[in-house]
Amino acid sequence: MDALFTVPGPRNEPVGTYAPGSAAAASLQAKLAELAATKHELTITVDGVQRAAGGEAIDVVQPHNHQHVLGVTHNSTDADVAAAVAAAKRAAPAWRAMAYADRAAIFLRAADLLAGPWRDTLNAATMLGQSKTVQQAEIDSACELIDFLRFNVAFGEQIIADQPESSPGIWNRFDHRPLEGFVLAITPFNFTAIAGNLPSAPALMGNTVVWKPSPTQQLSAHYVMRLFEAAGLPKGVINMVTGDGQAVSRVAMTDPDLAGVHFTGSTGVFQHLWKTIGDNIASYRSYPRLVGETGGKDFVIAHSSADVDALVTALVRGAFEYQGQKCSAASRAYIPASLWNAGGVKERLADLASSLTYGDVTDFANFGGAVIDRRAYDKHAAVFGRVRDDASCTVLAGGTTDDSVGFFVRPTVIESTDPTHEIFTTEYFGPILGVHVFPDADFDAVVAQAADASPYALTGAVFSDDREVLVRAGEALRFSAGNFYLNDKPTGAVVGQQPFGGARASGTNDKAGSWQNLIRWVSPRTIKETFVPPTDHRYPHMG
Ligand SMILES: NC(=O)c1ccc[n+]([C@@H]2O[C@H](COP(=O)([O-])OP(=O)(O)OC[C@H]3O[C@@H](n4cnc5c(N)ncnc54)[C@H](O)[C@@H]3O)[C@@H](O)[C@H]2O)c1
Ligand SMILES: N[C@@H](CCC=O)C(=O)O
């Protein structure tokens, strides 16, 4: 069909509240019970066919109740990954030949299915498998993923509509081709929305994909894959492999047709992937596009003019929601002495952190759950061990762990007199907030130190009621955060409103949730057509 279609204008999906006694809460509880009672077989999906991968078995458990096995997945073998790569290559010609409107319709349908009948399933899988509360699951696996799917369709249309100028007698066109080859999407445990976005964004632009989710997100990844199928995604367009990624590094990363890597996860793993590509650079058909959004050490800096209520709320939500396991989580705070002491921030922050309940997320009254796995748990226990023996540090709240039922780490506030201490520079990815208290008059010097204290530059916030202070700090911190907040917590970016990503060690800053990300998945061909071509090779100056 030849037509210039206009895609429906996107709006952000409203966040459900799941109030006690509501029908929404009851329906979600029923789905939680159903999924918890099911022992899932968490397969790979290659060419539309589900089967267990050939490597070692991995139990997928509830982090807040680690004896409860939700399902079993397996490491993919080299042969499994090779099959997924081959399937992606086979599916490419038909998929890229499909009109944009038809590809878009599949992802818009996925968004509508998720907004409706699939909402409970994705929320329940995310709550059980990743230990998110209902609020944290709803803003992630429902709203943010729906938003990615709908907004990306509009951003893709914007890219395709961008066409070059033409002069008289000539028609210039952009053919927004997908990349030549396949895209490898490697996704982190902490956001179901990111896991769904990383394979679907390149696919929307006409690419075929091999997707490797994190084993600790495998339950919700499994349902995201089923959602795409239910929306009509043709076989082989997105192929999912499971496990730890070793075979992916060996096989997919070194394949000559690797056209792009869409990664979110830790800085170390992204640097390893980049190095693998560097080591193999002469063997690829094209230079693979590298998009990686990685770690953070995100700051909150308060000025003496800051509103104390707003500051304390932002610190508690920013640092301790989802157990601090957001790349954007506030993990270092710089507070002027007047607010810390007389202003009551110290006491209120410590009291609030101590009062937060972390527990079983199926009890909707809890504020948080557990950290994701044994490795994360042990890392936090080790930090507490080091800090306890450190004279520059005082633990004001938390500092304890308990793994008898789940991987629980208490919300922790550590005050340190040394702003170069590891609690201000190292990403722990958990509920630890380091606080440095400074004399009010040193604000500008503290901002300058904080600007370069860590290698990361992802998110950060400044609190002040003084516009000149906000402007000055904003300038000094211009390259210290890709997402910068004035008088708000540094978490909770919304698709279409705060395009997300950071620079320095935090990634390539290709802004998930904007056209800037999608443009990395096309390789335009410029077409010039001359309607009446010249028929004489001589120019006028030749006489
Ligand atoms: N900047 C952002 O937008 C953003 C968003 C979410 C998470 N993150 C970051 O992600 C990290 C937490 O997530 P995580 O623990 O899942 O990260 P991770 O780096 O441990 O894992 C990410 C993915 O890489 C895979 N992987 C690991 N080693 C691999 C290898 N050698 N070859 C191929 N794949 C491999 C993992 O299995 C997983 O799928 C934090 O550092 C956090 O800051 C960043
Ligand atoms: N986009 C999310 C963070 C994603 C990383 O974990 C936020 O803004 O809080």
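**Exercise 1. The cores**

Which residues have the most contacts inside the largest nonpolar core, and how many residues does this core have? Then place V210 in its surroundings.

*Solution.* Work on the predicted model.
- Step 1. Count the core: the largest nonpolar core has 93 residues.
- Step 2. Rank by contacts inside the core. F182, L184, V209 and V210 come out with the most.
- Step 3. Find the main contributor. Helix α5, residues 134-161, supplies the largest share of this core, 12 residues.
- Step 4. Look for a separate core. Another one, of 65 residues, lies apart from the largest; V371, V387, A397 and F408 are among its members.
- Step 5. Take V210 and skip residues up to four places away in sequence. V210 then touches A84, V85, A88, F182, L184, N239, V241 and A252. Two of these names, F182 and L184, also appear among the residues with the most contacts inside the core.

**Exercise 2. The overall fold**

Determine the secondary structure content and judge the compactness of the protein.

*Solution.*
- Step 1. Count the elements: 16 helices and 23 strands.
- Step 2. Compare sizes. The radius of gyration is 25 Å, and the globule rule gives 24 Å for 543 residues. The two values are close, so the protein is as compact as a globular protein of that length.
- Step 3. Box the C-alpha atoms along the principal axes. The box is roughly 85 × 65 × 50 Å.
- Step 4. Check burial. Of the 543 residues, 53% count as buried.
- Step 5. Check contact range. Take contacts with a separation of 6 or more; 76% of them join residues 24 or more positions apart.

**Exercise 3. The annotated site**

Where does UniProt place the "active site" feature, and is that residue, E293, buried or exposed?

*Solution.*
- Step 1. Read the record. The unreviewed UniProt entry puts "active site" at E293.
- Step 2. Locate E293 in the fold. Strand β11, residues 289-293, contains E293.
- Step 3. Count neighbours. E293 has 27 C-beta neighbours inside 10 Å. The cut-off for buried is 20 or more. E293 is therefore buried.
- Step 4. List contacts, leaving aside neighbours within four places in sequence. E293 contacts T264, G501, G507 and A512.

**Exercise 4. Two ligand shells**

Describe the residues around ligand 1 and ligand 2.

*Solution.*
- Step 1. Start with ligand 1. Its shell has 31 residues, and the closest are P188, G245, G265, S266 and C327.
- Step 2. Assign elements. Those giving two or more residues to this shell are α8 (246-252) and α9 (267-279). Helix α8 gives the most, three residues.
- Step 3. Sort the ligand 1 shell by class: 12 nonpolar, 15 polar and four charged residues.
- Step 4. Turn to ligand 2. N190, F191, K326, C327, S328, T491, G492, A493 and F500 surround it.
- Step 5. Sort the ligand 2 shell: four nonpolar, four polar and one charged.
- Step 6. Cross-check the lists. C327 is named for ligand 1 and also for ligand 2.

**Exercise 5. Positive phi**

What are the phi values of R504 and K511, and how is each residue placed?

*Solution.*
- Step 1. Take R504. Its phi is near 45 degrees, positive in a residue other than glycine.
- Step 2. Place R504: strand β22, residues 503-504. With 19 other C-beta atoms within 10 Å, R504 is partly exposed.
- Step 3. Take K511. Phi is about 50 degrees, again positive without being a glycine.
- Step 4. Place K511: the loop between β22 and α16 (515-518). K511 has 23 C-beta neighbours inside 10 Å, so K511 counts as buried.

Methods: Residues are numbered from 1 along each chain as its sequence is written. Chains are lettered from A and ligands numbered from 1 in the order in which they are written. This is a predicted model: local features need pLDDT of at least 70, side-chain atom pairs count only at pLDDT 80 or more; totals for chains, interfaces and linings use all residues. A nonpolar core is a set of buried Ala, Val, Leu, Ile, Met, Phe, Trp, Tyr and Cys residues joined through C-beta atoms within 7 Å. A residue is buried if 20 or more other C-beta atoms lie within 10 Å of its own, exposed if 12 or fewer, and partly exposed in between; C-beta atoms are placed from the backbone. Helices (H or I, at least four residues) and strands (E, at least two) are DSSP runs, numbered from the N terminus. Two residues are in contact if their C-beta atoms, placed from the backbone, lie within 7 Å. A residue is near a molecule or strand if its C-beta atom, placed from the backbone, lies within 6 Å of it. Ala, Val, Leu, Ile, Met, Phe, Trp, Tyr, Cys and Pro count as nonpolar, Asp, Glu, Lys and Arg as charged, and the others, Gly among them, as polar. UniProt positions are given in the numbering used here, feature names are shortened, and annotations may be inferred rather than shown by experiment. The radius of gyration is taken over C-alpha atoms; the globule rule is 2.2 Å times the number of residues to the power 0.38.
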